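Visitor: I would like to know how the labels on a model like this one are earned. Could you take me through the reasoning step by step?
Guide: Gladly; ask away.

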Amino acid sequence: MNDIQVEKAGNNPLFPVFLKLNDLHTVLIGAGNVGLEKLNAILHNSPDARVTVIALSILEDVHLLATEYSGLKIIQKSFTDTDLDNAELVIAATNDSELNNFIRRSARERKLLINVADKPELCDFYLGSIVQKGDLKIAISTNGKSPTVAKRLKEVLNEGLPDEIDTTLQQMSALRNSLNGDFAYKVKRLNEVTSVLVEPQVPAKKNLIWLIWGSIIISIIIAVSALWSRQPDFKIYVQHINPLFYYFLGAGFVFALIDGAIGMSYGVTSTTFSLSMGIPPASASMGVHLSEIMSNGIAGWMHYRMGNINWKLFKLLLIPGIIGAVSGAYLLSSLEHYSQYTKPVVSVYTFILGIVILSKAFKTGVKKSSEKIKRISLLGLGGGFIDAVGGGGWGSIVLSTLIAGGRHPRFSLGTVKLSRFFIALMSSITFFAMLNSHHWEAVAGLVIGSAIASPIAAKISNRISAKAIMVAVGVIVILISIRSIIMFLMKVL
């Protein structure tokens, strides 16, 4: 009756332990694909483990591992029960059921723990999926029911746990070692330090949320007020509104959907479209940034609520990014009268970003550097300046560099989105103060279109092939940029 109750409750009776394999002698019988998988699992988690591999047929990859790990010994022979005389842990990974049963009996006679590959009923222990972040190590067990589920959980935890958590562990270890007093005092002090991890909100951060939503409302008021001021009778103006507004309304909607699906390209697509519609570079960049106040404000708020912000990284990016953005906006606005010359320069920039988008579409993954990028402030300064001058690129430049430099993708994305809100806000203020001609129909179209698309994009992002969209966007941006460059050259020549 008790067994039935345990089964119904789904309790896992296994007791998790972590072994010091560098102090134990492990014997692995079998050197095929399964044996190689077991061996990789051992050596990856315990590089100094003492392992003896016994098999008649041995894969070349096993021999290669022997050149990398000094504790690995290979014996090419048939298994005999005396091979376990000096063993302390046994793993059977052959494709011969009878041999595996013989190995198990030999191990039991010597009172040795054994793992038999793909035979849970014959195992004394399982090799679980492992999640490791520095000194933090988490083992996952499904009680032998589904190794596939264990692997999927490993992927989820690997993605969800930030790499920075190891830094937290080291700091906590240093704090614990520095504390004086009895055990009760140390526990109390450590609890006080770690309580911030479970606090729902930090009061100082609440002001940030009010700032985000306040700025979003202000951006809408600016766009509507600008349209209102164009005519004494707003109703008459709406009836005779410039068709340009509707073009940009649709474009802003589509570009925001694309950005929601692939996490980038709103700036470059909007800027490329604006230039092709005859909008000067500075006005185009202002329209993009003003509309991004809302979209990135909402995205930044959502990432904040989900705990995806690395505040140290945020502070390093914010001030240099604002300085770069304001400088770029000021420079581009000052050259507004020379838009016939700055437009082809920006078109060249969007052409390059189109190539970058295409290259990202065909990359199978981002190769991470073994060392994290350290010049964050310089990256923010350059990214903010280029983003303001080119009407986009903060995500393409800053986010890609952070991830390629070893930063955690989810925390990098959340931090870049939130900082992008302030970059867009300050760029918009600079453009608004500097420009006389704002092309408000285009600006209002982008603001309203992207605002309508933002909540929809979040829902459909997982249902669209990101690769297909990135290819399409890259090709379109490249073609339109080439068209603008050719038209400029034809005028000059």
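Visitor: How much surface does the protein expose, and what share do carbon and sulfur atoms supply?
Guide: This is a predicted model, and in it the protein exposes about 26,700 Å². Carbon and sulfur atoms supply 61% of that area.

Visitor: What share of the residues is buried?
Guide: Of the 493 residues in the protein, 43% are buried. The label needs a relative accessible area under 20%.

Visitor: Which secondary structure elements are there, and how many?
Guide: The protein has 19 helices and 7 strands. As for contacts between residues at least 6 apart in sequence, 74% of them join residues at least 24 apart.

Visitor: Why is the pair of Lys151 and Glu37 called a salt bridge?
Guide: The closest N and O atoms of Lys151 and Glu37 are 3.8 Å apart. The rule asks for a side-chain nitrogen of Lys or Arg within 4 Å of a carboxyl oxygen of Asp or Glu, so the pair qualifies. Lys151 lies in helix α5 (residues 147–160) and Glu37 in helix α2 (residues 33–45), so the salt bridge ties together parts 114 residues apart in sequence.

Visitor: What makes Lys151 and Glu37 partly exposed?
Guide: That label covers values between 20% and 50%. Lys151 has 43% relative accessibility and Glu37 has 48%, so both are partly exposed.

Visitor: How do you know that Asp124 and Arg108 form a salt bridge?
Guide: Their closest N and O atoms are 2.8 Å apart, and the cut-off is 4 Å, so the label applies. The pair links distant parts of the chain, 16 residues apart: Asp124 is in the loop between β5 (113–116) and β6 (129–133), and Arg108 is in helix α4 (residues 97–109). Asp124 is partly exposed at 29%, and Arg108 is partly exposed at 41%.

Visitor: Are Arg420 and Asp387, which also meet in a salt bridge, buried or exposed?
Guide: Arg420 has 4% relative accessibility and counts as buried. Asp387 has 0% and counts as buried. Both values fall under 20%, so the label fits. Their side chains meet at 2.7 Å, N to O, and the pair links helix α17 (residues 409–434), which holds Arg420, with helix α15 (residues 376–390), which holds Asp387, 33 residues apart.

Visitor: How many salt bridges does the rule give?
Guide: The count comes to 6.

Visitor: What makes a group of residues a nonpolar core, and which members of the largest one touch the most others?
Guide: The members are buried residues of nonpolar kinds, such as Val, Leu and Phe, joined through side-chain atoms within 4.5 Å. The largest core has 33 residues, and Val398, Leu402, Phe422 and Phe431 touch the most other members. At least two residues of this core come from each of α12 (281–305), α13 (311–334), α15, α16 (394–404), α17 and α18 (440–460). A second, separate core of 21 residues includes Leu39, Val53, Leu72 and Leu89.

Visitor: What makes an empty space a cavity, and how many are there of 30 Å³ or more?
Guide: A 1.4 Å probe has to fit there but be unable to get out. The structure holds 1 cavity of 30 Å³ or more, and the volume of the largest cavity is about 30 Å³. Its lining includes Phe248, Ser274, Ile279 and His439, while α12 and α18 each supply at least two lining residues.

Visitor: Why is helix α11 called mostly covered?
Guide: Helix α11 (residues 266–276) has 11 residues, and 10 of them are buried. Among them are Tyr266, Val268, Phe273 and Leu275. Gly278 follows α11 and has a positive phi, near 90°.

Visitor: Which residues have a positive phi although they are not glycines?
Guide: Lys111, at about 55°, and Asp118, at about 65°, are two such residues. Most residues other than glycine have a negative phi. Lys111 lies in the loop between α4 and β5, and Asp118 in the loop between β5 and β6.

Visitor: How do you know that Lys111 and Asp118 are exposed?
Guide: The label needs a relative accessible area over 50%. Lys111 has 77% and Asp118 has 69%, so both count as exposed.

Conventions: Residues are numbered from 1 along each chain as its sequence is written. This is a predicted model: local features need pLDDT of at least 70, side-chain atom pairs count only at pLDDT 80 or more; totals for chains, interfaces and linings use all residues. Side-chain values use heavy atoms; hydrogens and water are left out. Helices (H or I, at least four residues) and strands (E, at least two) are DSSP runs, numbered from the N terminus. Buried means under 20% relative accessible area, exposed over 50%, partly exposed in between (1.4 Å probe, protein chains only). Contact means heavy atoms within 4.5 Å. Accessible areas come from the Shrake-Rupley method with a 1.4 Å probe; for residues, only the protein chains shown count as cover. On a 1 Å grid over the protein atoms alone, a cavity is a set of points where a 1.4 Å probe fits but cannot get out, and a pocket is an open set with protein on both sides within 12 Å along at least five of seven lines; lining residues have an atom within 4 Å of a point. Grid points are joined across faces, edges and corners, and a volume is the space filled by probe spheres set on the points.
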